[in-house]
Amino acid sequence: MVRLKYCGNRSADDVQVALASGADYLGFIFTESKRNVSPEEVKRWLALASLGDKQLVGVFVNASVDQIASVTEQLPLHVVQCHGHETPAELAVVKEATRLSVWKAIHHDDGALETMKQYAGVADGYVVDSRVAGAWGGTGVSFDWEAVPRYLEEAARQGVPCFIAGGITPDNIERLLAYRPDGIDISSGIETDGRKDPAKMKQIEEKTKQYLAVGKGAK
Ligand SMILES: O=C(O)c1ccccc1N[C@@H]1O[C@H](COP(=O)(O)O)[C@@H](O)[C@H]1O
């Protein structure tokens with residue numbers, strides 16, 4: 001199974017579309033970004049529909065534990081995603097304060113696998129994203145997916161899931177599916193003119209379903 005996370009929802013329409021989709025997780029950006037949202041807005045949008053069995057992820061970048069807790073106290077988040085340079089010790093403090101699962105974003109580069117090893121026993125999951133100068137995420141840029149098996153192996157060794165992010169679109173998702181990631185995390189690739197696009201989500205879901213049904217893939 002490959003879990004799907006649709007991230008960067010930034011309007012009531014986005015939330016409706018994502019809730020009607022086949023996503024397992026809906027993500028919201030609580031950091032500087034064109035996709036930035038406030039907890040008050042998200043609370044309003046969520047009140048308009050039922051969450052069903054979907055889980056909510058809050059994305060933060062180098063936020064203080066107080067800033068994160070002030071969001072998790074207002075919203076029924078299931079996961080806190082730390083997408084900056086938070087240390088293992090800082091992650092542990094966030095886990096303790098929020099009592100939620102905490103995922104760490106790892107930005108792909110030569111040292112990223114070693115960095116990931118430092119979070120063993122603390123991170124409840126990983127999102128491996130592209131490293132792009134001047135941005136933490138949501139870039140629409142993909143990294144060299146030949147590195148994906150190394151991240152999946154390390155996450156499996158730690159007993160936690162590993163999502164792949166960065167520039168995933170309906171046009172390239174099959175190439176990524178060959179590596180059988182635990183999860184796929186998409187922001188830009190499911191948007192048209194800045195809005196979440198149900199047709200792109202459908203393409204993502206159909207390709208994922210078809211790919212897995214015929215048993216293709218690297219593992
Ligand atoms: O989506 C954003 O705007 C964002 C901003 C700051 C940090 C993380 C952000 N999103 C994360 O980036 C990837 C998705 O990127 P892409 O647009 O699909 O290339 C994903 O992990 C989001 O959670």
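Where does the ligand sit?

**View 1. The ligand in its pocket.** This is a predicted model. The ligand sits in the largest pocket. Two elements each give two or more residues to the shell around the ligand: strand S6 (125-129) and strand S8 (183-186).

**View 2. The residues around the ligand.** The ligand has 24 residues around it. Ser33, Gly138, Gly140, Asp185 and Ser188 come nearest. By type, the shell holds eight nonpolar, 12 polar and four charged residues.

**View 3. Polar atoms facing ligand oxygens.** Asp185 places a polar side-chain atom 2.7 Å from an oxygen atom of the ligand. Asp185 is also among the residues that come nearest to the ligand. For Gly167, a backbone N or O atom lies 2.8 Å from an oxygen atom of the ligand. Arg35 has a polar side-chain atom 3.0 Å from an oxygen atom of the ligand. How much of the ligand's accessible area does the protein cover? On its own, the ligand has 510 Å² of accessible area, and the protein covers 98% of it.

**View 4. The annotated span.** The UniProt record, an unreviewed entry, annotates residues 5-206 as "domain: N-(5'phosphoribosyl) anthranilate isomerase (PRAI)". Residues 5-206 are 33% helix and 20% strand. The end C-alpha atoms of this span lie 15 Å apart.

Methods
Residues numbered from 1 in each chain as written. Predicted model: local features only at pLDDT ≥ 70, side-chain atom pairs only at ≥ 80, totals over all residues. Heavy atoms only, no water. Near = heavy atom within 4 Å. Polar contact = N/O pair within 3.5 Å; in protein donor to acceptor, adjacent residues only side chain to side chain. Areas by Shrake-Rupley, 256 points an atom, 1.4 Å probe, with all protein chains shown as cover. 1 Å grid on protein atoms, 1.4 Å probe; cavity = no way out; pocket = protein on both sides within 12 Å on 5 of 7 lines; lining within 4 Å. Sits in = over half its atoms within 2 Å of the grid points. Helix = DSSP H or I, 4+ residues; strand = E, 2+ residues; numbered from the N terminus. Nonpolar A, V, L, I, M, F, W, Y, C, P; charged D, E, K, R; others polar. UniProt positions renumbered as here; feature names shortened; annotations may be inferred.
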